[in-house]
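Welcome! Let us take a friendly walk through the charged side chains of a protein model. Please have the structure open as you read.

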Amino acid sequence: MADDKKALPQQLDIELSAEVADGIYSNMAIISHSTSEFVLDFIRMAPGMPKAKVKSRIILTPEHAKRLLLSLQDNIRKYESNFDEIQIPHLQTPGKDFPFGFNGGGQA
């Protein structure tokens with residue numbers, strides 16, 4: 001019987017506040033890293049505006065960053081199998097790497 005309890009996955013009680021549930025819109029991300037962490041800055045850019053604000057910053061361990069990558073890949077695969085391939089037009093147009101004509105480095 002004791003072995004059966006070890007085999008059962010533990011339940012995780014996750015609380016989502018109303019404020020966090022609203023979410024934060026982001027149309028650009030900058031990812032940087034050190035030996036011990038990955039930093040994801042989520043930014044909201046507006047057309048024609050030379051300045052953009054970081055709306056949220058997430059700091060992850062390298063292991064957690066890789067788990068996030070694998071989870072995103074899996075979810076994108078599932079999304080595309082149910083709907084259609086996600087097109088990224090600006091990546092298919094030479095010289096126009098980012099939305100709104102911004103052309104910087106390190107963005108995702």
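What follows is a report on confidence, salt bridges and a charged surface patch.

This is a predicted model, so a word on confidence comes before the contacts. The protein chain has a mean pLDDT of 84, and 75% of its residues reach 70 or more. Confidence is lowest in helix α1 (residues 2-7), where the mean is 59, and highest in α3, with a mean of 97. Where pLDDT is low, the predicted coordinates should not be read in detail.

Now to the salt bridges. The structure holds four of them, and the table lists some, including their N to O distances.

| Positive residue | Negative residue | N to O distance |
|---|---|---|
| Arg 57 | Asp 41 | 2.6 Å |
| Arg 67 | Glu 63 | 2.7 Å |
| Arg 77 | Asp 74 | 2.5 Å |

Take the pair of Arg 57 and Asp 41, whose side chains meet at 2.6 Å. Arg 57 belongs to strand β3 (residues 53-60) and Asp 41 to strand β2 (residues 38-44), so this salt bridge ties together parts that are 16 residues apart in sequence. Are its two partners buried or exposed? Arg 57 has a relative accessibility of 53% and therefore counts as exposed. Asp 41, at 10% relative accessibility, counts as buried.

Helix α3 (residues 62-82) holds the pair of Arg 67 and Glu 63. Because these residues are four apart in that helix, about one helical turn separates them. Both Arg 67 and Glu 63 are exposed.

Arg 77 and Asp 74 also lie in helix α3. They are three residues apart, which is about one turn of the helix, and their closest N and O atoms are 2.5 Å apart. Asp 74 has a relative accessible area of 26%, so Asp 74 is partly exposed. Which residues are linked in a network of salt bridges? The network joins Asp 74, Arg 77 and Lys 78.

Finally, there is a group of like charges to look at. Arg 44, Lys 51, Lys 53 and Lys 55 form a positive surface patch. One of its members, Arg 44, is placed in strand β2. With 37% relative accessibility, Arg 44 counts as partly exposed. Strand β2 is also where Asp 41 lies, and Asp 41 counts as buried at 10% relative accessibility.

Technical notes: Residues numbered from 1 in each chain as written. Predicted model: local features only at pLDDT ≥ 70, side-chain atom pairs only at ≥ 80, totals over all residues. Heavy atoms only, no water. Salt bridge = Lys/Arg side-chain N within 4 Å of Asp/Glu carboxyl O. Helix = DSSP H or I, 4+ residues; strand = E, 2+ residues; numbered from the N terminus. Buried < 20%, exposed > 50% of the residue type's maximum accessible area, 1.4 Å probe, protein only. Patch = residues over 30% accessible without salt bridge, like charges linked within 9 Å, V, L, I, M, F, W, Y side chains within 5 Å. Areas by Shrake-Rupley, 256 points an atom, 1.4 Å probe, with all protein chains shown as cover. Lys, Arg positive; Asp, Glu negative; His and termini not counted. Charge placed at Lys NZ, Arg CZ, Asp CG, Glu CD. pLDDT = per-residue confidence, 0-100.
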